[in-house]
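Could you take me through this structure in the viewer, one selection at a time? I have not seen it before and would like to know what to click on and what I will find there.

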Amino acid sequence: MPQSLETQLAAYIATRLPDARDVVVSGLARISGGASRETYRFRLGYRGGDGQAVEERLILRRDPPSSLIDTQRRVEFAAYAAFHGSAVPVPKMLWLEEDASHLGHPFFVAEEIAGFEAGPMLLQTEPYLACLPTLAERKWTILGEISRADPDTLDLMGAFERIAPDACWKRELDYWEGVIDEDEQAPQPIIRAAIRWLRANPPPPAQKVGMVHGDYRTGNFLYDTEGGIHGILDWEMAHLGDPLEDLGWSLNRIWCWAKDDRRGGLVSRETAIAIWERASGLKADPAALHWWELFNCVKGQGIWISSAKAWIDGANRDPILAYSAWLMLNAQDRAALELMGRL
Amino acid sequence: MKPDISAVLSDITTRLVAEIAPNVQPAYLASSLGLSAGLLSAINEEFERAAHRRVEENAAIRKLFAEAGGLQLPMDLAARLTSLAARPDTDLRVSALDSTNAELRGALIELQTALEALEGPEAKALDTAIWAELAASTQRRKLAAGNF
(Lines give C-alpha, C1' and ligand atoms only; values in the text may rest on other atoms or scores of the structure.)
Protein backbone atom coordinates (compact mmCIF):
# COMPACT_ATOMS: atom_id res chain seq x y z
CA MET A 1 0.00 0.00 0.00
CA PRO A 2 1.50 3.36 -1.02
CA GLN A 3 2.42 5.75 1.77
CA SER A 4 0.49 9.00 2.15
CA LEU A 5 2.21 12.24 1.24
CA GLU A 6 2.20 13.19 4.94
CA THR A 7 4.06 9.98 5.84
CA GLN A 8 6.54 10.38 3.01
CA LEU A 9 7.18 13.99 3.97
CA ALA A 10 7.67 13.12 7.65
CA ALA A 11 10.15 10.41 6.70
CA TYR A 12 12.07 12.86 4.55
CA ILE A 13 12.16 15.60 7.19
CA ALA A 14 13.38 13.08 9.77
CA THR A 15 16.48 12.60 7.61
CA ARG A 16 17.06 16.36 7.59
CA LEU A 17 16.62 16.69 11.37
CA PRO A 18 18.82 13.89 12.73
CA ASP A 19 18.42 15.01 16.35
CA ALA A 20 14.63 15.09 16.16
CA ARG A 21 12.39 12.31 17.45
CA ASP A 22 8.72 11.53 16.80
CA VAL A 23 8.58 13.56 13.59
CA VAL A 24 4.95 13.96 12.52
CA VAL A 25 3.45 15.83 9.58
CA SER A 26 -0.24 16.72 9.97
CA GLY A 27 -2.88 18.94 8.44
CA LEU A 28 -1.35 18.69 4.98
CA ALA A 29 -3.65 20.62 2.62
CA ARG A 30 -3.11 21.95 -0.85
CA ILE A 31 -3.52 25.71 -1.20
CA SER A 32 -3.59 28.08 -4.14
CA GLY A 33 0.01 29.01 -4.70
CA GLY A 34 0.43 29.76 -8.36
CA ALA A 35 -0.08 27.47 -11.30
CA SER A 36 3.52 26.40 -11.71
CA ARG A 37 3.93 24.42 -8.49
CA GLU A 38 1.78 22.33 -6.18
CA THR A 39 1.75 24.22 -2.89
CA TYR A 40 0.76 22.62 0.43
CA ARG A 41 0.45 23.96 3.95
CA PHE A 42 1.24 21.59 6.85
CA ARG A 43 2.19 21.38 10.49
CA LEU A 44 5.44 19.75 11.51
CA GLY A 45 5.73 18.34 15.03
CA TYR A 46 8.73 16.69 16.65
CA ARG A 47 10.77 16.46 19.85
CA GLY A 48 14.08 18.23 19.72
CA GLY A 49 17.37 16.96 21.09
CA ASP A 50 16.49 18.44 24.48
CA GLY A 51 13.17 16.58 24.52
CA GLN A 52 11.10 19.75 24.05
CA ALA A 53 8.07 19.51 21.77
CA VAL A 54 8.35 21.67 18.67
CA GLU A 55 5.56 22.58 16.25
CA GLU A 56 6.03 24.62 13.10
CA ARG A 57 3.80 25.76 10.24
CA LEU A 58 5.53 25.04 6.97
CA ILE A 59 4.98 25.12 3.22
CA LEU A 60 5.77 22.37 0.71
CA ARG A 61 6.27 23.44 -2.92
CA ARG A 62 6.41 20.46 -5.26
CA ASP A 63 6.78 20.29 -9.03
CA PRO A 64 3.57 19.23 -10.77
CA PRO A 65 3.45 16.71 -13.65
CA SER A 66 3.20 19.62 -16.12
CA SER A 67 3.51 23.28 -15.32
CA LEU A 68 2.36 26.61 -16.66
CA ILE A 69 5.99 27.67 -16.44
CA ASP A 70 8.93 25.32 -16.93
CA THR A 71 11.63 26.28 -14.47
CA GLN A 72 14.15 24.63 -12.20
CA ARG A 73 13.31 24.15 -8.54
CA ARG A 74 16.83 25.26 -7.53
CA VAL A 75 16.34 28.68 -9.15
CA GLU A 76 13.29 29.48 -7.07
CA PHE A 77 14.85 28.18 -3.85
CA ALA A 78 18.06 30.15 -4.39
CA ALA A 79 16.19 33.38 -5.13
CA TYR A 80 14.15 33.12 -1.95
CA ALA A 81 17.21 32.22 0.10
CA ALA A 82 19.25 35.07 -1.37
CA PHE A 83 16.81 37.71 -0.16
CA HIS A 84 15.91 36.25 3.23
CA GLY A 85 16.71 38.73 5.99
CA SER A 86 16.94 41.66 3.54
CA ALA A 87 14.58 44.57 2.82
CA VAL A 88 12.73 42.19 0.50
CA PRO A 89 10.39 40.12 2.67
CA VAL A 90 10.43 36.43 1.77
CA PRO A 91 9.77 33.21 3.67
CA LYS A 92 12.76 31.35 5.10
CA MET A 93 13.82 28.39 3.01
CA LEU A 94 14.54 25.16 4.89
CA TRP A 95 15.27 22.26 2.55
CA LEU A 96 15.67 21.85 -1.20
CA GLU A 97 15.30 18.33 -2.57
CA GLU A 98 15.93 17.73 -6.27
CA ASP A 99 15.84 13.93 -5.99
CA ALA A 100 12.35 12.92 -7.14
CA SER A 101 12.46 9.61 -5.29
CA HIS A 102 11.28 11.09 -1.98
CA LEU A 103 7.94 12.69 -2.97
CA GLY A 104 7.62 11.77 -6.62
CA HIS A 105 8.86 15.16 -7.84
CA PRO A 106 11.50 17.71 -6.76
CA PHE A 107 10.34 20.02 -3.98
CA PHE A 108 11.35 22.43 -1.27
CA VAL A 109 10.12 23.16 2.24
CA ALA A 110 9.87 26.67 3.67
CA GLU A 111 8.47 28.43 6.70
CA GLU A 112 4.92 29.66 6.28
CA ILE A 113 4.16 33.37 6.50
CA ALA A 114 0.68 32.98 7.95
CA GLY A 115 -2.24 35.30 8.42
CA PHE A 116 -2.14 37.40 5.25
CA GLU A 117 -3.93 37.52 1.91
CA ALA A 118 -2.61 37.22 -1.64
CA GLY A 119 -5.69 37.36 -3.90
CA PRO A 120 -5.63 40.38 -6.25
CA MET A 121 -9.39 40.77 -6.50
CA LEU A 122 -9.83 40.96 -2.74
CA LEU A 123 -7.92 44.24 -2.81
CA GLN A 124 -10.76 45.80 -4.76
CA THR A 125 -13.11 45.33 -1.80
CA GLU A 126 -13.40 46.75 1.72
CA PRO A 127 -11.45 47.12 3.96
CA TYR A 128 -8.53 47.22 1.51
CA LEU A 129 -9.58 50.10 -0.76
CA ALA A 130 -8.28 52.81 1.54
CA CYS A 131 -4.81 51.27 1.77
CA LEU A 132 -4.15 50.82 -1.96
CA PRO A 133 -1.77 53.84 -2.27
CA THR A 134 0.18 52.63 0.78
CA LEU A 135 0.31 49.13 -0.63
CA ALA A 136 1.53 50.51 -3.96
CA GLU A 137 4.31 52.41 -2.19
CA ARG A 138 5.43 49.17 -0.56
CA LYS A 139 5.00 47.10 -3.71
CA TRP A 140 7.16 49.21 -5.98
CA THR A 141 9.61 50.09 -3.18
CA ILE A 142 10.27 46.38 -2.65
CA LEU A 143 10.66 45.91 -6.39
CA GLY A 144 13.14 48.78 -6.30
CA GLU A 145 15.06 46.93 -3.55
CA ILE A 146 15.19 43.82 -5.73
CA SER A 147 16.46 45.90 -8.64
CA ARG A 148 18.97 47.69 -6.43
CA ALA A 149 20.51 44.47 -5.07
CA ASP A 150 23.95 43.54 -6.32
CA PRO A 151 23.93 39.95 -7.62
CA ASP A 152 27.64 39.67 -6.83
CA THR A 153 26.91 40.05 -3.13
CA LEU A 154 24.01 37.57 -3.07
CA ASP A 155 24.48 33.83 -2.50
CA LEU A 156 22.74 32.53 -5.60
CA MET A 157 23.85 28.88 -5.17
CA GLY A 158 25.24 28.88 -8.68
CA ALA A 159 21.70 28.63 -10.01
CA PHE A 160 21.70 31.76 -12.17
CA GLU A 161 23.23 32.22 -15.59
CA ARG A 162 25.38 35.35 -15.90
CA ILE A 163 24.61 37.70 -18.75
CA ALA A 164 26.09 40.85 -20.29
CA PRO A 165 24.06 44.09 -20.12
CA ASP A 166 23.63 44.22 -23.89
CA ALA A 167 22.49 40.60 -24.16
CA CYS A 168 19.57 40.65 -21.72
CA TRP A 169 16.87 41.63 -24.21
CA LYS A 170 17.81 39.12 -26.88
CA ARG A 171 18.04 36.15 -24.54
CA GLU A 172 14.58 36.85 -23.13
CA LEU A 173 12.97 37.57 -26.49
CA ASP A 174 14.54 34.47 -28.07
CA TYR A 175 13.30 32.31 -25.22
CA TRP A 176 9.71 33.52 -25.20
CA GLU A 177 9.39 33.58 -28.98
CA GLY A 178 10.60 29.98 -28.88
CA VAL A 179 7.91 29.11 -26.35
CA ILE A 180 5.26 30.60 -28.62
CA ASP A 181 6.70 28.81 -31.67
CA GLU A 182 6.52 25.52 -29.82
CA ASP A 183 3.18 25.80 -28.05
CA GLU A 184 0.83 28.02 -30.06
CA GLN A 185 -2.42 26.38 -31.05
CA ALA A 186 -3.37 29.08 -33.55
CA PRO A 187 -1.53 31.92 -35.32
CA GLN A 188 -0.95 35.07 -33.23
CA PRO A 189 -0.80 38.03 -35.65
CA ILE A 190 -0.67 40.71 -32.95
CA ILE A 191 2.11 39.20 -30.91
CA ARG A 192 4.07 38.26 -34.06
CA ALA A 193 3.92 41.90 -35.15
CA ALA A 194 5.13 42.90 -31.70
CA ILE A 195 8.05 40.48 -31.98
CA ARG A 196 9.04 41.91 -35.36
CA TRP A 197 9.00 45.42 -33.91
CA LEU A 198 10.99 44.40 -30.84
CA ARG A 199 13.70 42.83 -32.98
CA ALA A 200 13.87 45.85 -35.26
CA ASN A 201 14.07 48.29 -32.35
CA PRO A 202 16.24 46.74 -29.61
CA PRO A 203 16.54 48.57 -26.27
CA PRO A 204 19.76 50.09 -24.96
CA PRO A 205 21.97 47.83 -22.82
CA ALA A 206 20.71 47.31 -19.29
CA GLN A 207 21.95 50.07 -16.96
CA LYS A 208 22.86 47.19 -14.64
CA VAL A 209 22.40 43.46 -14.60
CA GLY A 210 20.30 42.74 -11.56
CA MET A 211 18.05 40.13 -10.04
CA VAL A 212 14.78 39.92 -11.96
CA HIS A 213 11.92 38.34 -10.02
CA GLY A 214 10.23 37.39 -13.28
CA ASP A 215 6.60 37.51 -12.10
CA TYR A 216 6.40 40.60 -9.90
CA ARG A 217 2.75 41.62 -9.80
CA THR A 218 -0.28 42.07 -7.62
CA GLY A 219 -1.23 38.51 -6.74
CA ASN A 220 2.28 37.38 -5.91
CA PHE A 221 2.73 39.00 -2.52
CA LEU A 222 1.16 38.63 0.92
CA TYR A 223 -0.57 41.76 2.20
CA ASP A 224 -2.51 42.99 5.23
CA THR A 225 -5.34 45.46 5.74
CA GLU A 226 -2.97 48.36 6.46
CA GLY A 227 -1.06 48.28 3.18
CA GLY A 228 1.81 46.21 4.51
CA ILE A 229 3.53 43.51 2.45
CA HIS A 230 4.87 40.51 4.35
CA GLY A 231 6.14 38.16 1.68
CA ILE A 232 7.11 38.28 -1.99
CA LEU A 233 6.20 34.93 -3.52
CA ASP A 234 6.50 32.91 -6.75
CA TRP A 235 10.14 33.40 -7.70
CA GLU A 236 10.15 30.47 -10.13
CA MET A 237 10.95 32.68 -13.13
CA ALA A 238 13.74 34.60 -11.37
CA HIS A 239 16.87 35.29 -13.39
CA LEU A 240 19.63 37.83 -13.86
CA GLY A 241 18.75 40.50 -16.37
CA ASP A 242 17.57 44.04 -17.01
CA PRO A 243 15.64 45.37 -13.98
CA LEU A 244 13.29 47.16 -16.38
CA GLU A 245 11.90 43.74 -17.25
CA ASP A 246 10.32 43.44 -13.81
CA LEU A 247 9.07 47.02 -13.85
CA GLY A 248 7.48 46.46 -17.26
CA TRP A 249 5.76 43.27 -16.13
CA SER A 250 4.40 44.96 -13.01
CA LEU A 251 2.88 47.69 -15.20
CA ASN A 252 1.25 45.32 -17.68
CA ARG A 253 -2.40 46.06 -18.43
CA ILE A 254 -3.41 42.49 -17.75
CA TRP A 255 -2.80 43.10 -14.04
CA CYS A 256 -5.22 46.04 -13.89
CA TRP A 257 -7.50 44.22 -11.48
CA ALA A 258 -9.68 47.31 -10.90
CA LYS A 259 -10.39 47.27 -14.67
CA ASP A 260 -9.26 50.87 -14.98
CA ASP A 261 -5.90 52.52 -15.66
CA ARG A 262 -4.39 51.87 -12.22
CA ARG A 263 -1.47 49.49 -12.54
CA GLY A 264 -1.72 46.37 -10.45
CA GLY A 265 -5.15 47.74 -9.51
CA LEU A 266 -3.34 50.17 -7.20
CA VAL A 267 -1.96 53.45 -8.62
CA SER A 268 -1.22 55.22 -11.89
CA ARG A 269 1.59 54.06 -14.14
CA GLU A 270 3.51 57.30 -13.49
CA THR A 271 3.25 56.94 -9.71
CA ALA A 272 4.45 53.33 -9.82
CA ILE A 273 7.46 54.27 -11.95
CA ALA A 274 8.36 57.17 -9.64
CA ILE A 275 8.28 54.91 -6.57
CA TRP A 276 10.46 52.33 -8.31
CA GLU A 277 13.00 54.92 -9.48
CA ARG A 278 13.28 56.37 -5.98
CA ALA A 279 13.78 52.96 -4.36
CA SER A 280 16.05 51.41 -6.96
CA GLY A 281 18.27 54.39 -7.69
CA LEU A 282 17.81 53.50 -11.36
CA LYS A 283 16.19 55.38 -14.22
CA ALA A 284 13.25 54.15 -16.20
CA ASP A 285 14.27 55.52 -19.59
CA PRO A 286 10.92 55.91 -21.42
CA ALA A 287 12.05 54.27 -24.67
CA ALA A 288 13.76 51.37 -22.90
CA LEU A 289 10.80 50.85 -20.58
CA HIS A 290 8.45 50.88 -23.57
CA TRP A 291 10.50 48.10 -25.15
CA TRP A 292 10.33 46.02 -21.97
CA GLU A 293 6.62 46.65 -21.53
CA LEU A 294 5.93 45.40 -25.04
CA PHE A 295 8.31 42.50 -24.54
CA ASN A 296 6.31 41.55 -21.47
CA CYS A 297 3.25 41.20 -23.67
CA VAL A 298 5.19 38.61 -25.67
CA LYS A 299 6.27 36.89 -22.47
CA GLY A 300 2.72 36.96 -21.12
CA GLN A 301 1.37 35.50 -24.32
CA GLY A 302 4.01 32.78 -24.10
CA ILE A 303 2.75 31.90 -20.63
CA TRP A 304 -0.94 31.88 -21.60
CA ILE A 305 -0.28 29.89 -24.77
CA SER A 306 1.73 27.35 -22.79
CA SER A 307 -0.96 27.05 -20.17
CA ALA A 308 -3.54 26.41 -22.88
CA LYS A 309 -1.35 23.76 -24.47
CA ALA A 310 -0.73 21.97 -21.16
CA TRP A 311 -4.48 21.79 -20.59
CA ILE A 312 -5.31 20.77 -24.17
CA ASP A 313 -2.64 18.04 -24.16
CA GLY A 314 -4.07 16.73 -20.90
CA ALA A 315 -0.70 16.99 -19.15
CA ASN A 316 -2.28 19.19 -16.47
CA ARG A 317 -6.00 19.78 -16.11
CA ASP A 318 -5.83 22.33 -13.31
CA PRO A 319 -8.66 24.82 -14.06
CA ILE A 320 -6.23 27.73 -13.67
CA LEU A 321 -4.56 26.71 -16.93
CA ALA A 322 -7.77 26.86 -18.93
CA TYR A 323 -9.02 29.93 -17.08
CA SER A 324 -5.85 31.93 -17.65
CA ALA A 325 -5.92 31.11 -21.35
CA TRP A 326 -9.55 32.18 -21.68
CA LEU A 327 -9.17 35.38 -19.68
CA MET A 328 -5.64 36.50 -20.52
CA LEU A 329 -4.91 35.75 -24.18
CA ASN A 330 -7.14 38.48 -25.58
CA ALA A 331 -6.35 40.98 -22.81
CA GLN A 332 -2.66 40.42 -23.53
CA ASP A 333 -3.20 41.10 -27.23
CA ARG A 334 -5.02 44.32 -26.36
CA ALA A 335 -2.19 45.36 -24.07
CA ALA A 336 0.28 44.86 -26.91
CA LEU A 337 -1.91 46.83 -29.33
CA GLU A 338 -2.16 49.72 -26.90
CA LEU A 339 1.62 49.84 -26.48
CA MET A 340 2.05 49.84 -30.26
CA GLY A 341 -0.44 52.69 -30.59
CA ARG A 342 -2.88 50.51 -32.50
CA LEU A 343 -5.80 50.09 -30.10
CA MET B 1 -39.08 23.50 -25.07
CA LYS B 2 -36.03 23.14 -22.84
CA PRO B 3 -34.16 25.73 -20.78
CA ASP B 4 -31.98 28.02 -22.85
CA ILE B 5 -28.23 27.21 -22.77
CA SER B 6 -27.26 30.64 -21.49
CA ALA B 7 -29.85 30.49 -18.71
CA VAL B 8 -28.63 27.05 -17.62
CA LEU B 9 -24.97 28.04 -17.58
CA SER B 10 -25.73 31.27 -15.79
CA ASP B 11 -27.72 29.49 -13.09
CA ILE B 12 -25.07 26.79 -12.58
CA THR B 13 -22.35 29.44 -12.33
CA THR B 14 -24.28 31.38 -9.72
CA ARG B 15 -24.94 28.28 -7.64
CA LEU B 16 -21.31 27.18 -7.80
CA VAL B 17 -20.06 30.53 -6.58
CA ALA B 18 -22.73 31.42 -4.05
CA GLU B 19 -23.86 28.07 -2.64
CA ILE B 20 -21.33 25.34 -3.29
CA ALA B 21 -17.81 26.86 -3.26
CA PRO B 22 -18.19 28.43 0.23
CA ASN B 23 -18.90 24.95 1.61
CA VAL B 24 -15.99 23.16 -0.07
CA GLN B 25 -12.79 22.26 1.73
CA PRO B 26 -9.83 22.45 1.42
CA ALA B 27 -9.34 25.99 0.16
CA TYR B 28 -7.56 24.78 -2.96
CA LEU B 29 -10.63 22.86 -4.13
CA ALA B 30 -12.87 25.83 -3.37
CA SER B 31 -10.54 28.01 -5.44
CA SER B 32 -10.58 25.50 -8.30
CA LEU B 33 -14.36 25.47 -8.15
CA GLY B 34 -14.42 29.25 -8.33
CA LEU B 35 -12.16 29.17 -11.38
CA SER B 36 -14.39 26.55 -12.99
CA ALA B 37 -17.38 28.79 -12.38
CA GLY B 38 -15.48 31.67 -13.97
CA LEU B 39 -14.77 29.49 -16.98
CA LEU B 40 -18.46 28.56 -17.30
CA SER B 41 -19.32 32.24 -17.21
CA ALA B 42 -16.82 32.99 -20.00
CA ILE B 43 -18.08 30.03 -22.04
CA ASN B 44 -21.63 31.30 -21.60
CA GLU B 45 -20.58 34.73 -22.90
CA GLU B 46 -18.80 33.16 -25.86
CA PHE B 47 -21.57 30.71 -26.74
CA GLU B 48 -24.02 33.33 -27.89
CA ARG B 49 -21.59 35.11 -30.20
CA ALA B 50 -19.28 32.25 -31.21
CA ALA B 51 -20.37 31.69 -34.81
CA HIS B 52 -21.21 35.34 -35.46
CA ARG B 53 -17.84 36.76 -34.47
CA ARG B 54 -15.93 34.10 -36.38
CA VAL B 55 -17.91 34.61 -39.59
CA GLU B 56 -17.52 38.38 -39.23
CA GLU B 57 -13.78 38.13 -38.66
CA ASN B 58 -13.15 35.66 -41.46
CA ALA B 59 -15.03 37.94 -43.86
CA ALA B 60 -13.05 40.96 -42.69
CA ILE B 61 -9.74 39.18 -43.30
CA ARG B 62 -10.84 37.98 -46.75
CA LYS B 63 -11.69 41.59 -47.61
CA LEU B 64 -8.14 42.62 -46.67
CA PHE B 65 -6.73 39.85 -48.85
CA ALA B 66 -8.86 41.03 -51.76
CA GLU B 67 -7.44 44.54 -51.34
CA ALA B 68 -3.89 43.16 -51.62
CA GLY B 69 -4.38 42.28 -55.26
CA GLY B 70 -2.57 45.24 -56.76
CA LEU B 71 0.52 45.11 -54.58
CA GLN B 72 3.96 43.76 -55.43
CA LEU B 73 3.79 40.71 -53.18
CA PRO B 74 5.69 37.44 -53.64
CA MET B 75 3.80 35.46 -56.26
CA ASP B 76 3.05 32.44 -54.12
CA LEU B 77 1.69 34.61 -51.31
CA ALA B 78 -0.39 36.67 -53.72
CA ALA B 79 -1.88 33.50 -55.21
CA ARG B 80 -2.75 32.08 -51.79
CA LEU B 81 -4.36 35.35 -50.69
CA THR B 82 -6.47 35.40 -53.84
CA SER B 83 -7.56 31.82 -53.23
CA LEU B 84 -8.37 32.42 -49.56
CA ALA B 85 -10.30 35.59 -50.37
CA ALA B 86 -12.54 33.66 -52.72
CA ARG B 87 -13.56 30.91 -50.26
CA PRO B 88 -16.54 31.93 -48.10
CA ASP B 89 -17.50 30.12 -44.92
CA THR B 90 -19.98 27.37 -45.74
CA ASP B 91 -19.58 25.14 -42.70
CA LEU B 92 -20.79 27.18 -39.72
CA ARG B 93 -19.72 24.79 -37.00
CA VAL B 94 -17.41 26.65 -34.58
CA SER B 95 -14.61 24.11 -35.07
CA ALA B 96 -14.75 24.58 -38.85
CA LEU B 97 -14.81 28.37 -38.50
CA ASP B 98 -11.86 28.20 -36.11
CA SER B 99 -9.90 26.08 -38.56
CA THR B 100 -10.54 28.57 -41.34
CA ASN B 101 -9.75 31.47 -39.02
CA ALA B 102 -6.38 29.93 -38.18
CA GLU B 103 -5.58 29.56 -41.87
CA LEU B 104 -6.61 33.15 -42.56
CA ARG B 105 -4.72 34.64 -39.61
CA GLY B 106 -1.61 32.68 -40.55
CA ALA B 107 -1.74 34.21 -44.02
CA LEU B 108 -2.47 37.60 -42.47
CA ILE B 109 0.85 37.42 -40.60
CA GLU B 110 2.63 36.71 -43.89
CA LEU B 111 0.82 39.57 -45.61
CA GLN B 112 1.61 42.08 -42.88
CA THR B 113 5.25 41.00 -42.78
CA ALA B 114 5.47 41.47 -46.54
CA LEU B 115 3.79 44.87 -46.36
CA GLU B 116 6.32 46.11 -43.81
CA ALA B 117 8.98 45.70 -46.50
CA LEU B 118 7.02 47.62 -49.14
CA GLU B 119 6.98 51.35 -49.80
CA GLY B 120 4.08 53.34 -51.21
CA PRO B 121 0.72 54.61 -50.01
CA GLU B 122 -1.23 51.50 -51.06
CA ALA B 123 0.93 49.23 -48.91
CA LYS B 124 0.75 51.64 -45.97
CA ALA B 125 -3.02 51.95 -46.32
CA LEU B 126 -3.47 48.18 -46.29
CA ASP B 127 -1.15 47.86 -43.30
CA THR B 128 -3.25 50.44 -41.47
CA ALA B 129 -6.40 48.53 -42.38
CA ILE B 130 -4.86 45.32 -41.01
CA TRP B 131 -4.07 47.03 -37.71
CA ALA B 132 -7.65 48.26 -37.53
CA GLU B 133 -8.94 44.75 -38.12
CA LEU B 134 -6.59 43.33 -35.46
CA ALA B 135 -7.92 45.88 -32.96
CA ALA B 136 -11.48 44.97 -33.97
CA SER B 137 -10.66 41.29 -33.49
CA THR B 138 -9.76 41.89 -29.85
CA GLN B 139 -12.97 43.83 -29.35
CA ARG B 140 -14.93 40.84 -30.68
CA ARG B 141 -13.12 38.51 -28.30
CA LYS B 142 -13.42 40.64 -25.17
CA LEU B 143 -14.84 38.96 -22.09
CA ALA B 144 -16.56 40.84 -19.28
CA ALA B 145 -14.25 39.32 -16.68
CA GLY B 146 -11.06 40.28 -18.56
CA ASN B 147 -8.88 42.97 -17.00
CA PHE B 148 -8.33 44.82 -20.27
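Start by selecting α2 of chain B, residues 27–67. The model you are looking at is predicted. Colour these residues of α2(B), which are buried: L35(B), A37(B), G38(B), S41(B), A42(B), R54(B), E57(B), N58(B), I61(B), L64(B) and F65(B). What covers the buried residues of α2(B)? Show α1 (5–20), α3 (75–85), α4 and α5 of chain B, and then add α9 (319–339) of chain A; the cover includes these helices.

Now follow the path of α2(B) and stop at R49(B). Here the helix has a kink of about 60°, centred on R49(B).

**The contact between the chains**

Next, show both chains together. The contact draws 31 residues from chain A and 29 residues from chain B. Which elements give two or more residues to the side of chain B that touches chain A? They are α2 (27–67), α4 (94–116) and α5 (121–141) of chain B. The helix you began with, α2(B), supplies the largest share of that side, nine residues. If you colour the side of chain B that touches chain A by class, you will find 15 nonpolar, 10 polar and four charged residues.

**Chain B by itself**

Hide chain A for a moment. Chain B has five helices and zero strands, so along the sequence the pattern reads α-α-α-α-α. Its radius of gyration is 21 Å, well over the 15 Å that the globule rule gives for 148 residues, so chain B is more spread out than a compact globule. Turn it along its principal axes and the C-alpha trace spans about 65 × 35 × 20 Å. Of the 148 residues of chain B, 22% count as buried. Among the contacts in chain B with a separation of 6 or more, 69% are between residues 24 or more positions apart.

**Chain A by itself**

Swap the chains over, so that chain A is on display. In chain A you can pick out nine helices and nine strands. Its radius of gyration is 20 Å, which agrees with the value near 20 Å that a compact globule of 343 residues would have. The C-alpha trace of chain A spans about 65 × 45 × 45 Å along its principal axes. Here 49% of the 343 residues count as buried. In chain A, residues 24 or more positions apart make up 71% of the contacts with a separation of 6 or more.

**Into the core of chain A**

Which members of the largest nonpolar core touch the most other members? Select Y80(A), A194(A), W276(A), A325(A) and A336(A), out of the 119 residues in that core. Then zoom in on Y80(A): leaving aside residues up to four places away in sequence, Y80(A) touches V90(A), P91(A), M93(A), A110(A) and W235(A).

**Last stop: three strands**

Finally, select β2 (residues 38–47) and β3 (residues 53–62) of chain A, an antiparallel pair joined by 10 bridges. Along this pair, look for Y40(A), which stands opposite L60(A) in β3(A). The hairpin of β2(A) and β3(A) has five residues between the strands, and there G51(A) takes a positive phi near 85°.

Add β5 (residues 107–111) of chain A, which runs antiparallel to β3(A) and is joined to β3(A) by five bridges. To finish, click on R62(A), and opposite R62(A) you will find F107(A) in β5(A).

How values were computed: Residues are numbered from 1 along each chain as its sequence is written. Chains are lettered from A and ligands numbered from 1 in the order in which they are written. This is a predicted model: local features need pLDDT of at least 70, side-chain atom pairs count only at pLDDT 80 or more; totals for chains, interfaces and linings use all residues. Two residues are in contact if their C-beta atoms, placed from the backbone, lie within 7 Å. Helices (H or I, at least four residues) and strands (E, at least two) are DSSP runs, numbered from the N terminus. Ala, Val, Leu, Ile, Met, Phe, Trp, Tyr, Cys and Pro count as nonpolar, Asp, Glu, Lys and Arg as charged, and the others, Gly among them, as polar. The bend at a residue is the angle between axes fitted to the seven residues ending there and the seven starting there. A residue is buried if 20 or more other C-beta atoms lie within 10 Å of its own, exposed if 12 or fewer, and partly exposed in between; C-beta atoms are placed from the backbone. The radius of gyration is taken over C-alpha atoms; the globule rule is 2.2 Å times the number of residues to the power 0.38. A nonpolar core is a set of buried Ala, Val, Leu, Ile, Met, Phe, Trp, Tyr and Cys residues joined through C-beta atoms within 7 Å. Two strands pair if DSSP finds at least two bridges between them.
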